[in-house]
Amino acid sequence: MAEIRFKNVQHAYPPPKGQKPVYALKEVNQIWEDGGAYALLGPSGCGKTTLLNTISGLLTPSEGEIYFDDQEVTHLPTSDRRIAQVFQFPVVYDTMTVFDNLAFPLRNRGMDETAVKQRVAQIAEMLDLTANLNKRASGLTADGKQKISLGRGLVRSDVNAILFDEPLTVIDPHLKWQLRSKLKELHQQTGVTMIYVTHDQVEALTFADKVVVMYDGAVVQVGTPVELFNRPKHKFVGYFIGSPGMNFLPCKLDRGQPVFHNNLLNTSYPVGNDLSGRTEVGVRPEFVEFTDDGIPVVIDKIEDLGRYQVVTVKHESEVIKMVVDEDQQIPTDNPKIQFNPDMTRIYCDDWLVGGGQNE
Amino acid sequence: MNKTLNQKAWWLVAPVLVLVAFNAFIPLMTVVNYAFQETFGNNVFFWEGTTWFEQVLRSDRFHDALVRQLLYTGMILAIEVPLGIGVALTMPRKGPWVSVCLVLMALPLLIPWNVVGAMWNIFALPDIGLLGHTLNSMGIDYNFTRQPVAAWMTTVLMDVWHWTSLVVLLCYAGLSSIPDDYYQAAHIDGASRWAIFRYIQLPKMKRVLTIAILLRFMDSFMIYTEPFVLTGGGPGNTTTFLSIDLVKIALGQFDLGPAAAMSLIYFLVVLLICWVFYTLMMRNEEQ
């Protein structure tokens, strides 16, 4: 058990000849608290797996240092790091039984056979694998195999963290949420740090206490699901989290308040007037509503999604999405909309500015 | 719905049937025909029953050739399979050297069998051959035309040179199909190099290895051209393997009956060993 600290970690894969290296990880400074349940969320190719592999030591970062508590582990080999990792595709040792699979990491470390038996039985119980212990691992279904992969991580009582690299990709949808809640349960039982890589926001938000959002090799925001939803620090977080994503509209500033096509908007988080750069106003579709007085719009499209409707409206060719209750009447005559000032935020060059960044 | 019955479609199978008849069935039945009868030419046959079979099975000559054959096949399998696996394991998985290695490996396989025999014959000649001359000038008395042990070593070495590549290429294909995840997981689990080989690489190579062993078994068990060109079965009969002996009986002595009976026994032995081996390997698979 340890706190994992990243200090200016950067990584570039060796570039093709004659080309400049492209950084897959840019200046990551991050503390993973002991016992936390983290999700590492971002689109494919944003550096999530690279980051994960630097923790487990499968990859040595080209710059920066990694600490487990006070011990520097940057160059320590994987086997000495006390890290478990579960991969996208289940890895089982085909010729072994389920029991031998689970015992493998312990036997490799020279553990006494009676202790092995005890520990494996305990973990098998947790994962509902007891009935299959004597079966050949190759005969199991994909979710059974993934449970074994997971079990090989859990079976070691000394791990600092368990890393998951999109572990549910190949699992059937109905088993996905079962395994996910199992993971959550195991986290509560064992209290071991878990870091879960995914590009699926639902997975990230349901699993994690804290979500780390990555974009283009950098960590753009770390926060609870609620924080990410209410206060995206970067435009990417606004787009990526929530469905549909956040509205971003170009604006000018007038005494710290945003002006969108000559409509003065109110925000509870004004900024100073002296911003240089591209300013935009951001508001989630959930916080836009029809009113008698506000910005005149033209209704473009209404999608009924059952519990709610997504309405696409336009003002001066700018598209604004709004989420409206299923039974609410959509005004047809001169519709006007308004943004909730508490949820209206100002972005400058893609980053959140103005007050209320740390409420 | 009424289906139109049209038996004319059978004609579409006819070309295949004719082909199989001419390249397998008719030649095989000719052999069977000779195996149970005696002929003095002019298509006059006398029924002999199982006489030829009994004669072949009782003959020391056949026993000796069979033992030599089993020993030879056993030796080349014992060398080529581990060596092939070893070479495949050390070949690079990525980068520009991959194609270089693959081409180098494939080269011996492209050389015609009689050329391989001739090459090794010249290579091993004690007076002018590179190998023979070097060994003799180092003070080792080596002459594969006179010494049985030298003849055996040269024949085995030639086969290893010619065919290890096949095992290497098949094993390499098996190794390349293992996803990186397996190696990474093994590192996480703290597996040793040996454990990685034993529990990941070997099981994943099992299918291709089965094929490789079967192919090498069949080819070496029926080997003719290379030892015939290299040693001609000598010195004496020491490198006379089954097919060399068979040709001697059939074409040298013109004993068609015993030769036909021996061919059938030979065929059944190959079939039986392959079947037993394959069944054993596949039964393990199912468990």
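# Exercises on a predicted two-chain model

Eight residues of domain 1 of chain B are in contact with six residues of domain 2 of chain B. The model is a predicted one, and the exercises below start from this pair of domains.

## Exercise 1: the two domains of chain B

Task: find the bounds of the two domains, then work out which elements build the domain 1 side of their contact.

Solution. Begin with the bounds: the domain assignment places domain 1 of chain B at 15–49 and domain 2 at 60–286. Next, take the C-alpha centres of these two domains, which are 32 Å apart. Now turn to the side of domain 1 that touches domain 2: α1 (14–35) and β1 (37–39) of chain B each bring at least two residues to that side. The largest share comes from α1(B), with four residues. Finally, sort this side of domain 1 by class, and you get four nonpolar, two polar and two charged residues.

## Exercise 2: a helix pair in chain B

Task: describe how α3(B) and α7(B) pack, and say why they are called oblique to each other.

Solution. First locate the helices: α3 covers residues 60–90 of chain B and α7 covers residues 148–176 of chain B. Their axes lie 7 Å apart, and the packing angle is about 45 degrees. Roughly parallel would require an angle under 35 degrees, and roughly perpendicular one of 65 to 115. The pair is therefore oblique. For the handedness, follow α3(B) as it passes α7(B): the crossing is right-handed.

Then look at who makes the contact. From α3(B), the residues include B:Met75, B:Ile76, B:Ile79 and B:Leu83. From α7(B), they include B:Val156, B:Val160, B:Trp163 and B:Val167. By class, this contact has 16 nonpolar, two polar and two charged residues. B:Glu80 of α3(B) and B:Asp159 of α7(B) are also among the contact residues.

## Exercise 3: where the chains meet

Task: which element of chain B gives the most to the side that touches chain A?

Solution. Start with the totals: 16 residues of chain B are in contact with 20 residues of chain A. On the chain B side, α8 (180–188) and α9 (193–221) each supply at least two residues. Of the elements of chain B, α8(B) gives the most, with six residues. The class make-up of this side of chain B is nine nonpolar, five polar and two charged residues.

## Exercise 4: strands and hairpins in chain A

Task: trace the pairing of β12(A), β13(A) and β14(A), and find the residues with positive phi in the turns.

Solution. Take β12 (residues 252–254) and β13 (residues 257–260) of chain A to begin with: three bridges join them, and they run antiparallel. Within this pair, A:Leu253 is found opposite A:Pro258. Their hairpin has two residues between the strands, and A:Arg255 takes a positive phi near 50 degrees.

Continue to β14 (residues 263–264) of chain A, which is joined to β13(A) by two bridges, again running antiparallel. Here A:Phe260 has A:Asn263 as its bridge partner. This hairpin also has two residues between its strands, and A:His261 in the turn has a positive phi of about 45 degrees.

## Exercise 5: an open sheet

Task: what is the strand order in the open sheet of three strands in chain A, and which strands are at the edges?

Solution. Read the order as β16-β21-β17, with antiparallel pairing. The edges are β16 (288–291) and β17 (295–296), each pairing on one side only. To check one pairing, go to β16(A) and β21 (residues 336–339) of chain A: four bridges join them. In this pair, A:Thr291 stands opposite A:Lys336.

Methods. Residues are numbered from 1 along each chain as its sequence is written. Chains are lettered from A and ligands numbered from 1 in the order in which they are written. This is a predicted model: local features need pLDDT of at least 70, side-chain atom pairs count only at pLDDT 80 or more; totals for chains, interfaces and linings use all residues. Axes are lines fitted to C-alpha atoms, for helices over the stretch in contact, and angles run from 0 to 180 degrees between N-to-C directions. Angles under 35 degrees count as roughly parallel, over 145 as roughly antiparallel, 65 to 115 as roughly perpendicular and the rest as oblique. A crossing is left-handed if the near helix is turned anticlockwise from the far one by less than a right angle, and right-handed if clockwise. Two residues are in contact if their C-beta atoms, placed from the backbone, lie within 7 Å. Ala, Val, Leu, Ile, Met, Phe, Trp, Tyr, Cys and Pro count as nonpolar, Asp, Glu, Lys and Arg as charged, and the others, Gly among them, as polar. Domain bounds come from an automatic or database domain assignment. Two strands pair if DSSP finds at least two bridges between them.
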